Amino acid sequence: MDVKVLSSKLVKPSYPAGAPRPDTTEHVPSSVFDRATYNMQMAIIYAFSPPGPSPGAIERGLAAVLGAYRLFAGQVRAGPDDGGAPGVLLNDHGARLVEASVDARLADIAPTKPSPAVLRLHPDLDGDIQEVVQVQLTRFACGSLAVGFTANHAVADGHATSDFLVAWGRAARGLGPSSSPVPVHRPGLFPPRHPPRAEFEHRGVEYCYYRPAPPSPAHAHHPAAAHGGDTRHSVVIHKAHFTKDFVAGLRARASQGRGRPFSRFETILAHVWRAMTRARGLGVDPLQTSTVRISVDGRPRLAAPAGYFGNLVLWAFPRATVGDLLSRPLKHAAQAIHDAVARVDGAYFQSFVDWASSGAVDKEVLQTTAVLKDVLCPDLEVDSWLTFPFYELDFGTGSPTYFMPSYFPTEGMLFLVPSYLGDGSVDAFVPLFEHNLEAFKQCCYSMEE
C-alpha cells in the first residue's frame, strides 16, 4: 500500500459551553494494576464501507470524548511526589490525529489478516511517542475508510478502551453520554487491607527478579534475525475462522459428561492450545510443560464501579505436559483452563493489591512479567476480545465492516475476536512460525482427538 499522509494534528479535549475548565496540573498515579501490565501500544484496525464517516465528525467526537476520558488526553509522566511515581499528567495535551489516503480500492489491496502492511494504517510508532492515543484515518479511492487506533496499554486495558471507542462513536453522532457509564478512575479505588494479607504467592507470577530481554522493533519483530535471516523461522499470522457450528461441536465434545458446558472461550482456547502443540512438533518431549497466559478481568471480582477506566487485569496460568495435551481428550485442556481462571478470584485480586501496595516491588527491585517477547514456544498467551463491544463503534454511518488487531508478530500470542460476519463465529489470530503453518491448518479445523 502506498499511503500518502495528508495532515497530522493534535486534537485537544473540548468541554461543554459554560463548564469550568479542569485542573491541567493534576497527576493521576498509576494503580498497582497499571504498573503490572504491559508497557506497549495496543493497536487495532477498523474498516468502514462507503460512504464512510466524515473526518470532521470523527474529529469533533474525539475532542468531545477526550473531555470525558481525560487520561487518554494526558501524557504519561512521573509524578511530582512519591519519588516520581509513574502516572498520567492530565495536561490536556491531546490525541494525535493523522489523515491519509490510498489511491486504490480497499478490497483490492487491504490485507484480511495482520501483516507488516497494516502498520502503514497507523501513525509512526517508532521513537518517543508523546500521546497516549494516536489515530490515523486512511481514505481509499472507493470511499472506504480505515481507522487505525493505538493507545498506551499502561493507561487502560482492552475493556476500558472498548468503552472509550463506543463513547467516541456516540460523541461523533452528537449523542450525549446518558447511556454510557461515566468513566471512573481515581487513586485508592482498590485499597489494601490493614494489615495487608498477601495470601497467595505473587513473586514469579506477576513480578520476577529478572526482566526478559526487550523485543525487537515492530517492523522487525520476529526471530528470523536470530537464525541468520532464515525465512523458515519467520513468523506469520494466520486467521483461523471457526464457524458457530464448529464451535458448538467443539463445546459438545469437550463438555460431554459434564453438568455445565465449558464456555466458548475455554473450548476454543483448549482446541488451539492442542493444535499449536501438535503443529510446533513438541511431541518429541512428552514431559515438557506448556503454559498459557490468560488475562482475567478483575471488574466483577473486585466489584468495580460501572465505567471503571484503567487496567484491572491479572493473569491465569494453566499448565499441562505436551504428552497430556496430545494424548488426552479436549476436555482435559479445557478443564485446566477453567480451573486456572477460577483460582484468580476476588481473594486472589485482593491479595495482589495488598502485596503490590506493600512496597515489596520497589524494595526487592522486582520487574513485571508482562513483557513482550519474540517467541513464546512452548507456551502461549491469549487476549480474548469476545465480550468487548468493539463492533459497536458507530461514527454515524453504521458499524464497521471489519475489525482486527494490528500486527503483533509474537509467536504464540493469540487474539480471539468475534467474526465480522456477526453470526456467532469466531476469528482466532494466531502468530506462528511459517514452517509450522501448514501443520496448524491441518489440525485446527479438525475435531479429531
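In this predicted model, the largest nonpolar core (buried Ala, Val, Leu, Ile, Met, Phe, Trp, Tyr and Cys residues joined through side-chain atoms within 4.5 Å; buried means under 20% relative accessible area with a 1.4 Å probe, protein chains only) has 135 residues, of which Phe33, Phe72, Phe149, Phe164 and Trp168 touch the most other members. Helix α6 (residues 264-279) contributes the most to this core, nine residues; helices are DSSP runs of H or I with at least four residues, and strands are runs of E with at least two. Because domain 1 (3-185) and domain 2 (235-445) both give residues to the core, it lies between them; the domain bounds come from an automatic or database assignment. Apart from neighbours within four places in sequence, Phe72 is in contact (heavy atoms within 4.5 Å) with residues including Val132, Phe149, Phe164 and Phe309.

Six strands form an open sheet of mixed pairing, in the order β1-β6-β7-β8-β3-β16; two strands pair if DSSP finds at least two bridges between them. The edge strands, β1 (3-11) and β16 (402-405), each pair on one side only. Strands β3 (residues 41-48) and β8 (residues 145-152) are antiparallel over eight bridges, and Met42 has Ala151 in β8 as its bridge partner.

Gln75 is located in strand β4 (residues 75-78) and, at 7% relative accessibility, counts as buried.

Residues are numbered from 1 along each chain as its sequence is written, and side-chain values use heavy atoms, without hydrogens and water. Local features need pLDDT of at least 70 and side-chain atom pairs count only at pLDDT 80 or more, whereas totals for chains, interfaces and linings use all residues.

Technical notes:
Buried < 20%, exposed > 50% of the residue type's maximum accessible area, 1.4 Å probe, protein only.
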